[in-house]
Amino acid sequence: MKAKGHVKFSQDTLTATSDQAVFFRDLQMAILVGDVKLNDLHRTIFCEKARYYAKQRKSVCQGNVLFIDRATSLVADSLVYFQDIGQLYAYGSVVVFDSL
């Protein structure tokens, strides 16, 4: 299923918005494009494009990625975020801003 405009969907504690999205029900996966925002409790990710894997609760984000949580912000070229364990891997040009 394809959606355009202000696309919004939620799964458990995650809310995602974007300009466009394609949902693959059989794969339990969504591709989000354009002004992507993923918000999960105390964490927010902004990027240009993301793939969200519902079964694994994993986000793969690309393009001008900005990750923000209570203690840390980071910018990167790409990022993989595992929602259940709160773990992320950032790639490319990565800059971390830590509040001390």
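## F9 and its surroundings

F9 has a relative accessibility of 16%, so it counts as buried. The model is predicted. F9 sits in strand 1. Leaving out residues up to four places away in sequence, F9 touches L14, T15, A16, F23, A30, L32 and Y52. The C-alpha atoms of F9 and L38 are 9.8 Å apart in space, while 29 residues separate the two in sequence.

### Aromatic pairs

How many aromatic pairs are there? The count is four. In one of them, the ring centres of F9 and F23 lie 5.4 Å apart and the planes meet at 85 degrees. An angle over 60 degrees counts as edge-to-face, so F9 and F23 form an edge-to-face pair. This pair links distant parts of the chain: F9 belongs to strand 1 and F23 to strand 2, 14 residues apart.

F9 pairs with Y52 as well. Here the centres are 6.1 Å apart, the planes stand at 50 degrees, and the pair is tilted. F9 is in strand 1 and Y52 in strand 4, so this pair ties together parts that lie 43 residues apart in sequence. Both F9 and Y52 are buried. F23 is partly exposed, because its relative accessibility is 21% and the buried class stops under 20%. Ring pairs join F9, F23 and Y52 into a cluster.

Another aromatic ring has a lysine over it. K58 lies over the face of Y53, at 5.1 Å from the ring centre.

### Overall fold

What does the secondary structure consist of? The protein has eight strands and zero helices. Read from the N terminus, its elements run β-β-β-β-β-β-β-β. The radius of gyration is 13 Å, close to the 13 Å that the globule rule gives for 100 residues, so the protein is as compact as a globular protein of that length. Along the principal axes, the C-alpha atoms fill a box of roughly 45 × 25 × 20 Å.

Of the 100 residues, 34% are buried. Take the contacts between residues at least 6 apart in sequence: 21% of them join residues at least 24 apart.

### The nonpolar core

The largest nonpolar core holds 21 residues. L32, L38, I45, A50, C61 and L79 have the most contacts inside this core. Which elements give two or more residues to the core? They are strand 1 (2-11), strand 2 (14-24), strand 3 (29-40), strand 4, strand 5 (58-68) and strand 6 (72-82).

L32 shows how such a residue is surrounded. Neighbours within four places in sequence aside, L32 is in contact with F9, A16, S18, Q20, A21, L38, E48, K49 and A50. L38 and A50 are among the core residues with the most contacts. F9 is on the contact list of L32, and L32 is on that of F9.

### Residues in strands 2, 3 and 4

T17, M29 and T44 take the picture to further strands. The table sets their accessibility beside that of the two phenylalanines.

| Residue | Relative accessibility | Class |
|---|---|---|
| F9 | 16% | buried |
| T17 | 15% | buried |
| F23 | 21% | partly exposed |
| M29 | 14% | buried |
| T44 | 15% | buried |

T17 has its place in strand 2. With neighbours within four places in sequence left aside, T17 is in contact with H6, V7, K8, D35, V36 and K37.

M29 lies in strand 3. Beyond four places in sequence, M29 is in contact with V22, F23, F24, R51, Y52 and Y53. That list includes F23 and Y52, which belong to the ring cluster with F9. It also includes Y53, the residue whose ring face lies under K58. M29 and Q56 are 27 residues apart along the chain, and 9.6 Å separates their C-alpha atoms.

T44 is found in strand 4 (residues 43-53). Which side chain makes a polar contact with that of T44? The partner is N39, at 2.8 Å. N39 also appears among the contacts of T44 outside four places in sequence, together with K37, L38, L66, F67 and I68. L38 in that list is one of the core residues with the most contacts.

Note on methods
Residues numbered from 1 in each chain as written. Predicted model: local features only at pLDDT ≥ 70, side-chain atom pairs only at ≥ 80, totals over all residues. Heavy atoms only, no water. Helix = DSSP H or I, 4+ residues; strand = E, 2+ residues; numbered from the N terminus. Buried < 20%, exposed > 50% of the residue type's maximum accessible area, 1.4 Å probe, protein only. Polar contact = N/O pair within 3.5 Å; in protein donor to acceptor, adjacent residues only side chain to side chain. Contact = heavy atoms within 4.5 Å. Core = buried A, V, L, I, M, F, W, Y, C linked by side-chain atoms within 4.5 Å. Phe/Tyr/Trp six-rings, centres within 6.5 Å; stacked < 30°, edge-to-face > 60°. Lys NZ or Arg CZ within 6 Å of the ring centre and 35° of its normal. Rg over C-alpha atoms; globule rule 2.2 N^0.38 Å.
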